[in-house]
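Colleague: Can you walk me through this model? I'd like the fold first, then some packing and charges.

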Amino acid sequence: MNRIVAPSMLSADFGHLERDTQMIDRSAAEWVHIDVMDGVFVPNISFGFPVLKAIRKATAKCLDVHLMIVEPERYVARFAEAGADVVTFHYEATYNPKGCIEMIRNAGAKVGVSIKPATSVEVLRDILPQIDLVLIMSVEPGFGGQAFIPASLERSRSCAHWPTSWDGDDHRGGRRHFVAQRARGFGAGADVLVAGNAVFGAEDPEAEIVKISTPDVPSGLFVE
């Protein structure tokens with residue numbers, strides 16, 4: 001499976017979101033990552049529906065929406081309707097993860113589940129066959145630019161080796177594991193890497209995306 005880079009709009013220039021989204025659209029990145037924060041589940045507030053709709057208009061690429069909000073079941077369908085191709089909610093944020101999965105699926109989006117660094121990956125075993133991706137947080141959710149948590153690599157490796165009965169021809173074909181910051185994620189079972197400051201803080205963001213996605217780039221380049 002090819003390396004997929006998903007630049008995080010949380011690190012973009014909020015005064016020039018259209019410009020930065022169009023840059024991603026031109027680049028080798030396949031996905032656009034959007035972090036949604038409510039100020040309750042995490043101590044920060046970010047994007048909402050109007051911003052998601054504006055980003056949707058500026059790119060044809062996959063919009064990967066990461067919800068860091070309480071009671072995600074109240075909003076998941078609306079995010080799908082606003083243009084999200086993938087809606088990822090936090091396992092810790094709902095009492096009914098299976099119900100939330102069904103709501104996202106019924107709204108026509110792919111389903112992701114994320115866990116915080118302190119949450120055991122074992123909580124995902126029962127729902128793994130029903131979801132499209134796992135977002136392994138390598139930082140505490142809420143802010144960009146944090147120091148990478150090395151233990152995240154082993155957590156990603158652990159999930160990557162779990163057996164799956166998914167059909168590769170199905171719309172859910174292929175388990176995807178994320179590491180939420182620029183790290184050695186591709187070597188730890190991850191198929192997709194979310195990169196914020198690593199991309200938008202680079203002198204040439206488009207060239208940086210190519211570096212991250214190129215298989216023969218030394219793994220040390222993926223450490224922040």
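Modeller: Here is a quick tour, starting with the whole chain. Keep in mind that this is a predicted model.

Colleague: How many helices and strands does the protein chain have?

Modeller: Seven helices and eight strands.

Colleague: And what share of the residues is buried?

Modeller: Of the 224 residues in the chain, 54% are buried. The accessible surface comes to about 9900 Å². Carbon and sulfur atoms account for 50% of that surface.

Colleague: What about contacts between residues at least 6 apart in sequence: what share joins residues at least 24 apart?

Modeller: That share is 64%.

Colleague: Let's move to helix α7. Which of its residues are buried?

Modeller: The helix covers residues 205–213. Its buried residues are Pro-205, Glu-208, Ile-209, Ile-212 and Ser-213.

Colleague: Why do they line one face of the helix?

Modeller: Look down the axis of α7: the buried residues fall within an arc of 130 degrees, so they line one face. An α-helix has 3.6 residues a turn, so residues three or four places apart point the same way.

Colleague: What do those buried residues pack against?

Modeller: Two helices and two strands, listed here: α1 (17–26), α6 (197–200), β1 (4–7) and β8 (192–195).

Colleague: Now charges. How many salt bridges are there?

Modeller: Seven. One of them ties α7 to α1: Arg-26 pairs with Glu-206, with the closest N and O atoms 3.0 Å apart. Arg-26 sits in helix α1 and Glu-206 in helix α7, 180 residues apart.

Colleague: Are those two buried or exposed?

Modeller: Arg-26 is exposed, at 54% relative accessible area. Glu-206 is partly exposed, at 27%.

Colleague: Which salt bridge does Asp-132 make?

Modeller: Asp-132 meets Arg-105, at 2.8 Å from N to O. The pair links distant parts of the chain, 27 residues apart. Asp-132 is in the loop between β5 (110–115) and β6 (133–136), while Arg-105 is in helix α4 (residues 97–106).

Colleague: Is Asp-132 buried or exposed?

Modeller: Asp-132 counts as buried, because its relative accessibility is 5% and the cut-off is under 20%. Arg-105 is partly exposed, at 22%.

Colleague: Which residues are joined into one network by salt bridges that share partners?

Modeller: Asp-13, Arg-19 and Asp-20. Within it, Asp-13 and Arg-19 have their closest N and O atoms 3.6 Å apart.

Colleague: How accessible are Asp-13 and Arg-19?

Modeller: Asp-13 is partly exposed, at 34% relative accessible area. Arg-19 is partly exposed too, at 45%.

Technical notes. Residues numbered from 1 in each chain as written. Predicted model: local features only at pLDDT ≥ 70, side-chain atom pairs only at ≥ 80, totals over all residues. Heavy atoms only, no water. Helix = DSSP H or I, 4+ residues; strand = E, 2+ residues; numbered from the N terminus. Buried < 20%, exposed > 50% of the residue type's maximum accessible area, 1.4 Å probe, protein only. Contact = heavy atoms within 4.5 Å. Areas by Shrake-Rupley, 256 points an atom, 1.4 Å probe, with all protein chains shown as cover. Arc of directions from axis to C-beta. Salt bridge = Lys/Arg side-chain N within 4 Å of Asp/Glu carboxyl O.
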